[in-house]
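Biologist: I would like to go through some charged side chains with you. Could you show me the structure before we start?

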Amino acid sequence: MSTKSKIAADLNTPTDLAADGVEKVTKALNGLVADAFALYLKTKNFHWHISGRHFRDYHLLLDEHADQIFATTDPLAERVRKIGGRTVHSIGEIAKLQSVKDNNEDYVPPVEMLHELMEDNKKMAAALRKAHKVCDDADDVASASLLENYIDETERRTWFLFEASRAEGANEK
């Protein structure tokens, strides 16, 4: 047995899920892990670089959102391992898998930050729903259940970012 085969065998967690289901769920959840790390870092970047008259409110909001996003990474990665999959190993692997685009601009106006994060969270919610379907198709109810809570949290972040980025007086008559 080769060393690579031995290592793979050592990490092969037993599961009653079909092998093709494990492969599909692993791929879907690893994509979410990568996007969660990318969205976490982008949210922290904007948190660190926010400025302007709403600094304190936006700074605290983005810190809360970043903590919430980061808190999803370990449970998602552990779900992959619980079903016998291999999860992400490095920043390089995350970069290959992520669909959330980085923002490396020196300055982004605060409202543009909030709007960009709102759009990223909307895309994340769509990716979570798509992964939920993959989990349902694989009869992986535990992963699907986990994703349901994350969909709700992501929709809440989207809502807060939408409201915070509205033009002053937008909903006043």
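Modeller: Happily! A good place to begin is arginine 157, whose side chain is joined to that of glutamine 68 by a polar contact of 2.6 Å. Please keep in mind that this is a predicted model.

Biologist: What makes the pairing of arginine 157 with glutamine 68 a polar contact?

Modeller: The cut-off is 3.5 Å between N or O atoms, one able to donate a hydrogen and the other to accept it. The value here is 2.6 Å, so the pair qualifies. The side chain of arginine 157 also makes a polar contact with the side chain of threonine 154, at 3.0 Å.

Biologist: Where is arginine 157 found, and which residues is it in contact with beyond its sequence neighbours?

Modeller: Arginine 157 sits in helix 6, residues 141–165. Leaving aside neighbours within four places in sequence, arginine 157 is in contact with His65, Gln68, Ile69 and Asn121.

Biologist: Why is arginine 157 said to have no salt bridge?

Modeller: A salt bridge needs the nitrogen and the carboxyl oxygen within 4 Å. The nearest side chain of opposite charge, glutamate 153, is 4.6 Å away, so arginine 157 has no salt bridge, although it is buried.

Biologist: How do you know that aspartate 120 and lysine 42 do meet in a salt bridge?

Modeller: Their N to O distance is 2.6 Å, and the limit is 4 Å, so the pair counts. Aspartate 120 lies in helix 5 (residues 110–137) and lysine 42 in helix 2 (residues 19–49), so this salt bridge ties together parts that are 78 residues apart in sequence. Both aspartate 120 and lysine 42 are buried.

Biologist: What makes aspartate 137 exposed?

Modeller: Exposed means over 50% relative accessible area. Aspartate 137 has 54%, so the word fits. Aspartate 137 also forms a salt bridge with lysine 133, with the closest N and O atoms 2.9 Å apart. These two are 4 residues apart in helix 5, which means about one helical turn separates them.

Biologist: And why are arginine 166 and glutamate 163 called partly exposed?

Modeller: Partly exposed covers the range between the buried limit of 20% and the exposed limit of 50%. Arginine 166 has a relative accessible area of 29% and glutamate 163 has 34%, so both belong in that range. Arginine 166 and glutamate 163 form a salt bridge, the closest N and O atoms being 3.0 Å apart. Elsewhere, Lys42, Glu116 and Asp120 are joined into one network by salt bridges that share partners.

Biologist: How many salt bridges does the rule give?

Modeller: The count comes to 10 salt bridges.

Note on methods. Residues numbered from 1 in each chain as written. Predicted model: local features only at pLDDT ≥ 70, side-chain atom pairs only at ≥ 80, totals over all residues. Heavy atoms only, no water. Buried < 20%, exposed > 50% of the residue type's maximum accessible area, 1.4 Å probe, protein only. Lys, Arg positive; Asp, Glu negative; His and termini not counted. Contact = heavy atoms within 4.5 Å.
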